[in-house]
Amino acid sequence: MDEIRCSVNYLPDETRQGPGRLVGRLLSYGEQIVHGQGRETFESRSLTFGDDGIVFYDSHDVTPRRPVAIVHPENRDTEAVVDFVLPDTGAGRRVAKRFREGSYKGLSIEFRSVREKYVAGVRRISEALVNGFAAVESPAYPSAQVEVRSKRKQRNPYSWR
């Protein structure tokens, strides 16, 4: 199992549906990074997400891992993005708190490469199945920007005024 790591910020959220919202770019297609296994890049729309969504776990470091939410990422020509509300549960509040405190700074996207080739020493992934997400302390892809947004007070939605 391989992983992609993307960064996270904590900002206000207008939805008030949960303790926070994760919003942002998971990765820019075509961007090249260097990590412990060498250089790699993902081709356009190479990430594949299941129709039922992807499970978001609270961490890689907890055994057994605890599911927090189901995520439905969006694939675009130049990037993969995510926008989902953390549930208003103990797990969702705990994850939001860790992002606010700075102990979590990113997401790890777990994937299995289905189709790849090496070109001039660079691993070029043309299809990868995303198996899950987890909160992590540090990102790997510099352009991958994800924000955690907190809920903000809202006026009474049932008011006639």
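# Notebook: a walk through the chain

**Entry 1, a loop to start with.** I began at alanine 120, which sits in the loop between S10 and S11. I keep in mind that this is a predicted model. The two neighbouring strands are S10 (106-119) and S11 (122-136). I looked up the backbone angle and found that alanine 120 has a phi near 50 degrees, a positive value in a residue that is not glycine. That caught my eye because most residues other than glycine have a negative phi. Is alanine 120 buried or exposed? Alanine 120 is exposed, since its relative accessible area is 69%, and over 50% counts as exposed.

**Entry 2, a second positive phi.** I then turned to arginine 45, where phi is about 55 degrees, again positive without the residue being a glycine. Where does arginine 45 lie? I found arginine 45 in the loop between strand S4 (38-42) and strand S5 (47-48). Its relative accessibility of 43% makes arginine 45 partly exposed.

**Entry 3, the overall plan.** Next I stepped back to look at the whole chain. How many helices and strands does the chain have? I noted 1 helix and 12 strands. Following the sequence, I wrote the order down as β-β-β-β-β-β-β-β-β-α-β-β-β. The chain has 161 residues, and 43% of them count as buried. I also checked contacts between residues at least 6 apart in sequence: 72% of these join residues at least 24 apart. For the surface, I noted an accessible area of about 8900 Å², with 47% of it belonging to carbon and sulfur atoms.

**Entry 4, one far-apart pair.** I picked leucine 22 as an example, a residue of strand S2. Leucine 22 has a relative accessible area of 0%, so I list it as buried. I looked up its distance to valine 82, which is 60 residues away along the chain: the two C-alpha atoms are separated by 7.1 Å.

**Entry 5, the nonpolar core.** A general point I keep at hand is that nonpolar side chains tend to be buried together in soluble globular proteins. Here the largest nonpolar core holds 29 residues. Which members touch the most others? My list reads Phe42, Leu47, Phe56, Phe84, Leu86 and Phe133. I then asked which elements supply at least two residues each to this core. They are the strands S2 (20-28), S6 (54-57), S7 (67-71), S9 (79-86), S10 (106-119) and S11 (122-136), along with helix H1 (90-101). S11 gives the largest share, with 5 residues.

**Entry 6, aromatic rings.** I counted 3 aromatic pairs in the structure. One of them joins phenylalanine 42 and phenylalanine 111 edge-to-face, with centres 5.2 Å apart and planes at 75 degrees. Phenylalanine 42 belongs to strand S4 and phenylalanine 111 to strand S10, so this pair ties together parts 69 residues apart in sequence. I checked the accessibility of both rings: phenylalanine 42 is buried at 1% relative accessible area, and phenylalanine 111 is buried at 1% too. Another ring I visited was that of tyrosine 57, where arginine 65 lies over the face at 3.9 Å from the ring centre.

**Entry 7, salt bridges.** Side chains of opposite charge can pair when their charged atoms come close. How many salt bridges does the whole structure hold? The search finds 13. I started with glutamate 116, which forms a salt bridge with arginine 123, and the closest N and O atoms are 2.9 Å apart. Glutamate 116 is partly exposed at 34% relative accessibility, while arginine 123 is buried at 10%. I then found a network: Arg25, Glu74, Arg76 and Glu79 are joined by salt bridges that share partners. Within it, arginine 76 meets glutamate 74 at 3.2 Å, N to O. Arginine 76 also meets glutamate 79, at 3.1 Å, N to O. As for cover, arginine 76 is partly exposed at 34%, glutamate 74 is partly exposed at 41%, and glutamate 79 is buried at 15%. Why does glutamate 79 count as buried? Its relative accessible area is 15%, and buried means under 20%.

Technical notes:
Residues are numbered from 1 along each chain as its sequence is written. This is a predicted model: local features need pLDDT of at least 70, side-chain atom pairs count only at pLDDT 80 or more; totals for chains, interfaces and linings use all residues. Side-chain values use heavy atoms; hydrogens and water are left out. A nonpolar core is a set of buried Ala, Val, Leu, Ile, Met, Phe, Trp, Tyr and Cys residues joined through side-chain atoms within 4.5 Å. Buried means under 20% relative accessible area, exposed over 50%, partly exposed in between (1.4 Å probe, protein chains only). Helices (H or I, at least four residues) and strands (E, at least two) are DSSP runs, numbered from the N terminus. Rings of Phe, Tyr and Trp (its six-membered ring) pair if their centres lie within 6.5 Å; planes under 30 degrees apart count as stacked, over 60 as edge-to-face and the rest as tilted. A charge sits over a ring if NZ of Lys or CZ of Arg is within 6 Å of the ring centre and within 35 degrees of the ring normal. A salt bridge is a side-chain nitrogen of Lys or Arg within 4 Å of a carboxyl oxygen of Asp or Glu. Contact means heavy atoms within 4.5 Å. Accessible areas come from the Shrake-Rupley method with a 1.4 Å probe; for residues, only the protein chains shown count as cover.
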